[in-house]
Amino acid sequence: MTVSRVSVSAQPSIESTADVIVIGAVQGKDGPTLFADPGFEEIAAQFAAVAVSGTKDQLVRLAPVVGAAKTIAVIGLGSVVTPESLRYAAGSAVRQLTGVDTVAFALPLADADQAAAVLEGAALGGYSFTTYRKASLAATKLPATDITVHTDEADEDASDRAGIVADAVSLVKDLVNMPPLDLYPESLADLAASAAEGLPVTLTVWDEDQLVADGFGGIAGVGQGSTRPPRLVKVSYDPIEATQHLALVGKGITFDTGGLSLKPPASMVGMKYDMTGAATVLAVTLAAARLRLPVRLTAWLCIAENMPSGSAIRPNDVLTMRGGRTVEVLNTDAEGRLVLADGLVAAGEENPDAIIDVATLTGAAIVALGTRYSAVLGNDGLVAQVLAASKAEGELAWPMPMPEELRALLNSDVADIANAKIGNTGGGMLLAAVFLNEFIGSTGEGAEATTIPWAHLDIAGSAQLVGGGLGFTAPGPTGVTVRTLLRLAEEFSRK
């Protein structure tokens, strides 16, 4: 991967000698208005001639009529100036300004929140993935490697944090971008260990034999059809000052053919994305460790490759999950909930203060919410916390219900529960969450027992951006919910 590095400078931006210096334009009823540091006022006179509108994602490059930079770029901020619009605009500018080495920002930032947003957006916009470009690499224009934000409202700590956040999102994108030929359960476990090197975290890895021995029947069952066996990876960050424990469970299907319930060819393209949840919980935990957050985080990466073969699980097979509950498999393409169930039980055994799972789980989530919103289901209080964190980070999320009456659809003639209802076309996303809810543990005993707060994030649509880029996100994997979960971890650290 390539990730731009951001820094802060107190030098007047008008003196910057960057390849491109970025100023802003705010959209208004009477035309755009300039949003720039002192010294750039005369640029506003050119707006009409070059059709500057101030709309989001509009980038217009101008000759350097003022200042020392080689080129001036005007980025649209939309109709309001907020930390979110600044984050979006800064990332959009960096994403679009490819083929240059240095970029600087000359925006009149009012406070530390605005400065932090610009730093983070700029860092996020500087991502590119070129590992598999060979003959085309020389002609590939990459984002700038050196980005400077001219402001008195931020310091080195703010730029360091922006870099850590961007690195976390980039780790997810890197892992998801890898082809499934190279990313499979064992290699994903190895890459997780490499990414954690030097950080105050502990990794525990279960191979296929240990999974069976320890009762992880969901992960073992889904993975038994592949020649590349499954893995469970536990990443533990446990600082001594932590008073809260947040468990994160991620779906890690490195490729999903649907198993014997085989997907049609068109639906199979893009199924390398099915491990995004596992990549996300890994990245969040490692970022928290880099930030030294005083909160305990445990990430459970539930990893398997869902393949059809003579050894694959069949419809009507019964799997015994971690904890002893049995599941009749009626649809082998509803495999994500099987691996997550094992992870949720294991997470609950440690009695955390909350559990959140992240998964590209259902096509029904795309039908319901499209490709921009992540669905959030689960315990009302924790769902509200997740939604508040997502709003603060500018990540789109929406609450969805878990109707009690759906549980009856998962009754099995032979096992404790079935993993799907064949022929049911309504509420598939909700039904999957109802299934997962069966595997959430409790704390306390008897009448004192209380269910562990749990939230389920279905990112089937939002994990991938199709079409043109938006803000700091280029087409491809989005790294969605990394920033939301990191903010949530920060909030838990203050309890």
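This report describes a predicted model, beginning with its open sheet and then turning to helices, annotated residues and one loop residue.

## The open sheet

An open sheet is built from 8 strands, arranged in the order E8-E9-E11-E10-E14-E20-E15-E16, and its pairing is mixed. At the edges stand strand E8, residues 202-206, and strand E16, residues 397-399; each has a single partner strand, so one side of each is left without a neighbour in the sheet. From one strand to the next, the twist averages 20 degrees.

One pairing within this sheet joins strand E9, residues 231-237, to strand E11, residues 296-306. These two strands run in the antiparallel sense and share 7 bridges. Within this pairing, Ser236 has Thr298 of E11 as its bridge partner.

## Helices on the sheet

Two helices can be described by their contacts with the strands. Helix H9, residues 336-348, lies across four named strands: E10 (245-256), E11, E14 (354-359) and E20 (454-458). Its direction is at about 155 degrees to that of E10. Helix H13, residues 482-493, also packs on the sheet and touches E10, E11, E14 and E20. The direction of H13 makes about 175 degrees with that of E14.

The length of H13 can be checked against expectation. At 1.5 Å a residue, its 12 residues should span 16 Å, and the end C-alpha atoms are 16 Å apart, which agrees. Of the 12 residues of H13, 10 are buried, so the helix is largely enclosed by the rest of the structure. Among the buried residues are Val482, Leu485, Leu486, Leu488 and Phe492, as well as Arg483 and Glu490.

## Strand E15 and its partner

Strand E15 comprises residues 374-378, and 5 of the 5 are buried, so this strand is largely enclosed by the rest of the structure. In a regular strand, the side chains alternate between the two faces of the sheet. In E15, Ser374, Val376 and Gly378 point one way, while Ala375 and Leu377 point the other way, and all are buried.

Strand E15 runs parallel to E16, and 3 bridges join them. Ala375 has Trp398 as its bridge partner in E16.

## Residues annotated as active site

Which residues carry the annotation "active site" in the UniProt record? The unreviewed entry assigns it to Lys263 and Arg337. Both Lys263 and Arg337 are included in the lining of the largest pocket.

Lys263 is located in the loop between E10 and helix H7, residues 265-268. Its relative accessibility is 15%; residues under 20% count as buried, and therefore Lys263 is buried. Setting aside residues up to four places away in sequence, Lys263 touches Asp256, Thr257, Gly258, Met268, Met271 and Asp333. Arg337 belongs to helix H9, and it is buried, with a relative accessible area of 9%. With residues up to four places away in sequence again left out, the contacts of Arg337 include Leu361, Thr362, Asn419 and Phe435.

## Residues annotated as binding site

The UniProt record, an unreviewed entry, gives the annotation "binding site" to Lys251, Asp256, Asp274 and Glu335. Why can these residues be said to gather at one spot? They span 85 residues in sequence, yet no two of their C-alpha atoms are more than 11.5 Å apart, so they gather at one spot. The lining of the largest pocket includes Lys251, Asp256, Asp274 and Glu335.

Asp256 lies in strand E10 and is buried, with a relative accessible area of 2%. Beyond residues up to four places away in sequence, Asp256 touches Lys263, Met268, Met271, Asp274, Asn306, Asp333 and Glu335. This list contains Lys263, annotated as "active site" in the UniProt record, and also Asp274 and Glu335, annotated there as "binding site".

## Helix H1 and a loop residue

Helix H1, residues 83-96, has 14 residues and reaches 20 Å from its first C-alpha to its last, close to the 20 Å expected at 1.5 Å a residue. Because 11 of its 14 residues are buried, H1 is largely enclosed by the rest of the structure. The buried residues include Leu86, Tyr88, Val94 and Arg95.

Arg95 is also a contact of Thr473. Thr473 lies in the loop between strand E21, residues 464-465, and strand E22, residues 476-477. Is Thr473 buried or exposed? Its relative accessible area is 10%, and Thr473 is buried. Neighbours within four places in sequence aside, Thr473 is in contact with Arg95, Leu465 and Thr478.

How values were computed:
Residues numbered from 1 in each chain as written. Predicted model: local features only at pLDDT ≥ 70, side-chain atom pairs only at ≥ 80, totals over all residues. Heavy atoms only, no water. Pairing = 2+ DSSP bridges. Axes fitted to C-alpha atoms, helices over the stretch in contact; angles between N-to-C directions. Contact = heavy atoms within 4.5 Å. UniProt positions renumbered as here; feature names shortened; annotations may be inferred. 1 Å grid on protein atoms, 1.4 Å probe; cavity = no way out; pocket = protein on both sides within 12 Å on 5 of 7 lines; lining within 4 Å. Buried < 20%, exposed > 50% of the residue type's maximum accessible area, 1.4 Å probe, protein only. Expected span 1.5 Å × (residues − 1).
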